[in-house]
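Notebook open, coffee poured. Here is what I looked up today, one entry at a time.

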Amino acid sequence: MPIISVESVRKTFGEVLAIDDLTFAVDENEIFGILGPNGAGKTTTVECIAGTITPDRGQVTVLGADPARQRSLVRERVGYQLQSTALPPALRVGEAMELFAAFYESPADVGSMLDLVGMTGERRRPFGKLSGGQQQRLSIALALVGQPQVAVFDELTTGLDPQGRRDAWQLIEQIRNRGITVILVTHFLDEAERLCDRIAIIDKGRSRFIGSPTELMDATPHASTSPHRLEDAYLRLLDQDTASTARGM
Amino acid sequence: MRATIALTKVETLLLLRNPTSIFMALLPALLLMLQAYVIPGTTNPVGGTDRALADLRPIDFFVPVAVAVAMASIAITNYPSSVGSYRETGILRRLGVTPVGAHRVLLAQWAVSAFSLGAAILLTLSVAWFAIGTSTPRNPAAATAIVLVGAIAMMALGSIIAAVAPSAQAAYGLGLLVFMVTMFTAGIWTPGPLMPETIRTISAFTPMGAMTQALTDAWFTGTVSLLPFIVMTVWALLASALAIRVFRWT
């Protein structure tokens, strides 16, 4: 029984087609990756799941509810870390956590959430004075403070140094171990290979592959000896699509 | 309720950490009162046959206007700019995916603006009373009621800008445009009885016009009709309903 389902969803912004006939389902307690090149429609997909945009066609169901219509129900149970968001620079870490905790019916203990993301010592530090990695760790804590069943992370590790990325990976695994379903939007194939049970590859608004990273690698010939097997398979898949699109023109 | 209180607490903390925005908002009202020192004749009695008004000086008529201007400056430029900057930097986008609704975000901004409005009114009146020696309102209860209802109407008007402005600068630009129009209806160039009758009648149906005319009456004659209260209430209801309807998180 999927916890999130996206069925035949289409969304356009004026003349631009963002996603088209997109279908996938996310099972309970899995880490589900959404991958694709820039402008593929990944963030639009996440925003449809968040209910911040309403699809033109198709149906999105999150925990049995329509996120665009039953907003407060879905937002109570899904935690989001979105791209291009911020907090007021003068707002301190502890104050931000207390604020977000007050938004939810049964919030987690703020202290234990800060402990989970390793920011107990930064409680009094203003958001504007945090490093990129610390800001991302805080955004994870803010996404989890409502004790959600699902956590959505949109390009969480973009801009982080290698150590920051490894720390974020560990955190995501810990989050899944707490029984939370994770949707991870990422550009990084190594990240998807390490963390994701299944991935959806989206290109030009359409889904090109849904399955486990191993299934994608196994389905791609000549990739078995490469140290970057998933990346090769991913690029080959996108190449095939470009070629078939060109042939169809 | 818990979320609204938490948001208000945070907004108050942030305002206290960066109070410079309030001082900018106070400038127009203080400049108006400065006329007493720079424009000749503003402190001489106007004279005429109306005994209630004959002893008053032109600068006295500017006091209710200055109070209204101080309020409009905060409600129409300051408050929308602050929400505009939240939209620009993605703070609203982040709040938009929590269970907190747009009405709570705006309500917290209203609550914190109430502090700024109170400070602005107090400062304007202090200058008027202590530096220029102007009179106190003849009907303080009516003047207080007008300020309260007027503040809600002006904040509701500012909320429409706050609901849609994509950035702090856009909100400020749009706010300044509305501010200039409200200045005209407030009678900044033709205060109190100096405003021509036709313009006075039209202005009476705008929120700022209704507020300044009623405030002028409460100040100098002591009697206020019900009409300005109705005008301000209708504006408040319509503008806040529109603001909630058109509110954008991004």
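Which element gives the largest share of the lining of the largest cavity? I noted the answer straight away: α1(B), with four residues. One reminder to myself before going on: this is a predicted model.

**Entry 1: the cavities**

I looked for enclosed empty space first. Rolling a probe the size of a water molecule over the atoms shows where empty space is left. In this structure I found four cavities of 30 Å³ or more. The largest cavity holds about 90 Å³ of space. I counted 13 residues lining the largest cavity, and the closest to its centre are A:Pro88, A:Leu91, A:Leu99, B:Ile91 and B:Leu95. Three elements give two or more residues to this lining: α3 (93–101) of chain A, plus α1 (2–17) and α5 (91–95) of chain B. I also sorted the lining by class and got 11 nonpolar residues, two charged ones and no polar ones.

**Entry 2: the sheet in chain A**

Next I went to the strands. What is the order of the strands in the open sheet of chain A? I wrote down β2-β1-β4, three strands with antiparallel pairing. The edges are β2 (16–27) and β4 (57–62) of chain A, since each of them pairs on one side only. From one strand to the next, the twist averages 20°.

I zoomed in on one pair. Strand β1 (residues 2–13) of chain A runs antiparallel to β2(A), and eight bridges join the two. I picked A:Lys11 as an example and found its bridge partner in β2(A), A:Ile19.

Then I checked what lies across these strands. Helix α1 (residues 42–50) of chain A does: it lies across β1, β2 and β4 of chain A and runs at about 60° to β2(A).

**Entry 3: two helices in chain B**

Last stop, a helix pair. Two packed helices are described by the angle between their axes and the distance between the axes. I took helix α7 (residues 140–164) and helix α10 (residues 207–220), both of chain B, whose axes come within 10 Å and cross at roughly 170°. Angles over 145 degrees count as roughly antiparallel, so α7(B) is roughly antiparallel to α10(B).

Which residues make the contact? On the α7(B) side I listed several, including B:Ala142, B:Ile146, B:Gly150, B:Met154 and B:Leu157. On the α10(B) side, B:Pro207, B:Met211 and B:Leu215 are among them. By class, the contact of α7(B) with α10(B) has 14 nonpolar residues, one polar and no charged ones.

Technical notes. Residues are numbered from 1 along each chain as its sequence is written. Chains are lettered from A and ligands numbered from 1 in the order in which they are written. This is a predicted model: local features need pLDDT of at least 70, side-chain atom pairs count only at pLDDT 80 or more; totals for chains, interfaces and linings use all residues. Side-chain values use heavy atoms; hydrogens and water are left out. Axes are lines fitted to C-alpha atoms, for helices over the stretch in contact, and angles run from 0 to 180 degrees between N-to-C directions. Angles under 35 degrees count as roughly parallel, over 145 as roughly antiparallel, 65 to 115 as roughly perpendicular and the rest as oblique. Contact means heavy atoms within 4.5 Å. Ala, Val, Leu, Ile, Met, Phe, Trp, Tyr, Cys and Pro count as nonpolar, Asp, Glu, Lys and Arg as charged, and the others, Gly among them, as polar. On a 1 Å grid over the protein atoms alone, a cavity is a set of points where a 1.4 Å probe fits but cannot get out, and a pocket is an open set with protein on both sides within 12 Å along at least five of seven lines; lining residues have an atom within 4 Å of a point. Grid points are joined across faces, edges and corners, and a volume is the space filled by probe spheres set on the points. Two strands pair if DSSP finds at least two bridges between them.
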